[in-house]
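Open the model in your viewer and keep the selection box handy. We will go from stop to stop, choosing a few residues at a time.

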Amino acid sequence: MNKEQFYKEVEKNTGIILSSIQKEQFEKYYSLVIEWNKKINLTAITDKDEFYKKHFYDSISLSFYRDYSKIENLCDVGSGAGFPSIPLKILYPNLKITIVDSLNKRIKFLSLLQEELKLDNCNFIHARAEEIGQNKNFRESFEIVTARAVARLNVLSELCLPLVKKDGYFLSLKSQKAEEEIKEAVNVIKLLGGKLEKDIEFEIAGEERHILEIRKAKETPNKYPRKAGIPNKKPLL
């Protein structure tokens, strides 16, 4: 998918005609990731067309099923080079985004990215998601929490659902094997106050994708998330 095809798909699926500033932001974003990829591991995908398809298009696919012009704030857990939240922020400048990442080098990259792309209302936090989920300043305060290919759904649910406000959504982006992960996580989601409402299945250039929409139906019990590292080592069942 070259950039011109990307622009057309954005317009077709969201009705948004990208401005010259937005197009320039996507271009600069790609260049900065490639440049910094030599110093820190941000992505294995460096071919430009693949990058536009597998990072930019994949990220903004969230907006094909929800209007982000009406969303106030979004938290992105373990976003690496800023996916999916920064492409969404470019598309919807109204969004206030918070990114939580455990690697300080990535946070430094994201801060530079924000500066270079002239983005406002971005908050980058160097921390584990388990710590932020127990922090009263962030717990149950976000309309949308996203995570993309960070861990299995039972682990992600413990990291993300505590951050979602009541009636907000945890959106998990998955490729294949979504059904298997849903079966594994169904009891965990309920335990943490969530309810799986939709499994949106679609394709990007012939490759299977899923957006799992999990609504926060009730408050998460105070003991979750557990201490840093435990959700990965001993996933809830």
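Two strands count as paired if DSSP finds at least two bridges between them. Keep that in mind as we start; note also that this is a predicted model.

**Stop 1: strand β1 and its partners**

Select residues 73-77, which form strand β1. Five of the five residues are buried, so β1 is largely enclosed by the rest of the structure. In a regular strand the side chains alternate between the two faces of the sheet. Try colouring the two sides separately: N73, C75 and V77 lie on one side of β1, L74 and D76 on the other, and all of these are buried.

Now add strand β2, residues 96-101. β1 and β2 run parallel and are joined by five bridges. Which residue of β2 is the bridge partner of C75? Click on T98 to find that partner.

Next, bring in strand β4, residues 142-148, which also runs parallel to β1 and is joined to β1 by three bridges. Here C75 stands opposite V145. With C75 at the centre of the view, you can look from T98 in β2 to V145 in β4.

**Stop 2: the crossover**

Show helix α4, residues 85-91, together with β1 and β2. These three elements make a right-handed β-α-β unit. On the way from β1 to α4, pause in the loop at P84. The peptide bond between F83 and P84 is cis, with omega about 5°.

There is another cis peptide bond to visit, from Y224 to P225, where omega is near 0°. To find P225, look in the loop between β7 (207-216) and α9 (230-233).

**Stop 3: helix α3**

Select residues 48-60 to see helix α3. How far apart are its end C-alpha atoms? They are 17 Å apart, which agrees with the 18 Å that 13 residues should span at 1.5 Å a residue. Expected spans count one less than the number of residues.

At the N-terminal end of α3, show the side chain of D47. D47 caps this end, with a side-chain oxygen 3.3 Å from the backbone nitrogen of D49. Further along, the buried residues of α3 include F51, Y52, H55, F56 and I60, and F56 will come up again at the last stop.

**Stop 4: two positive phi angles**

Go to N121, in the loop between α5 (104-117) and β3 (122-126). N121 is not a glycine, yet its phi is positive, at about 55°. Is N121 buried or exposed? With a relative accessible area of 42%, N121 is partly exposed.

Then jump to A205, in the loop between β6 (194-204) and β7. A205 also has a positive phi, near 50°, in a residue other than glycine. At 59% relative accessibility, A205 counts as exposed.

**Stop 5: the nonpolar cores**

Finish inside. The largest nonpolar core has 49 residues, and F6, Y29, F56, Y68, I86 and F109 touch the most other members. Helix α2 (residues 20-36) gives this core its largest share, six residues.

Centre on I86 and show what surrounds this residue. Beyond its neighbours within four places in sequence, I86 is in contact with Y29, I97, I99, L113, L117, L119 and F124.

A second, separate core of 30 residues includes V77, V188, I214 and Y224. Two of these names belong to earlier stops: V77 sits in β1, and Y224 precedes the cis bond to P225.

How values were computed:
Residues are numbered from 1 along each chain as its sequence is written. This is a predicted model: local features need pLDDT of at least 70, side-chain atom pairs count only at pLDDT 80 or more; totals for chains, interfaces and linings use all residues. Side-chain values use heavy atoms; hydrogens and water are left out. Helices (H or I, at least four residues) and strands (E, at least two) are DSSP runs, numbered from the N terminus. Buried means under 20% relative accessible area, exposed over 50%, partly exposed in between (1.4 Å probe, protein chains only). A polar contact is a pair of N or O atoms within 3.5 Å; within protein, one must be able to donate a hydrogen and the other to accept it, and residues adjacent in sequence count only if both atoms are side-chain atoms. A crossover is right-handed if, with the strands pointing away from the viewer, the path from the first strand over the helix to the second runs clockwise. A nonpolar core is a set of buried Ala, Val, Leu, Ile, Met, Phe, Trp, Tyr and Cys residues joined through side-chain atoms within 4.5 Å. Contact means heavy atoms within 4.5 Å.
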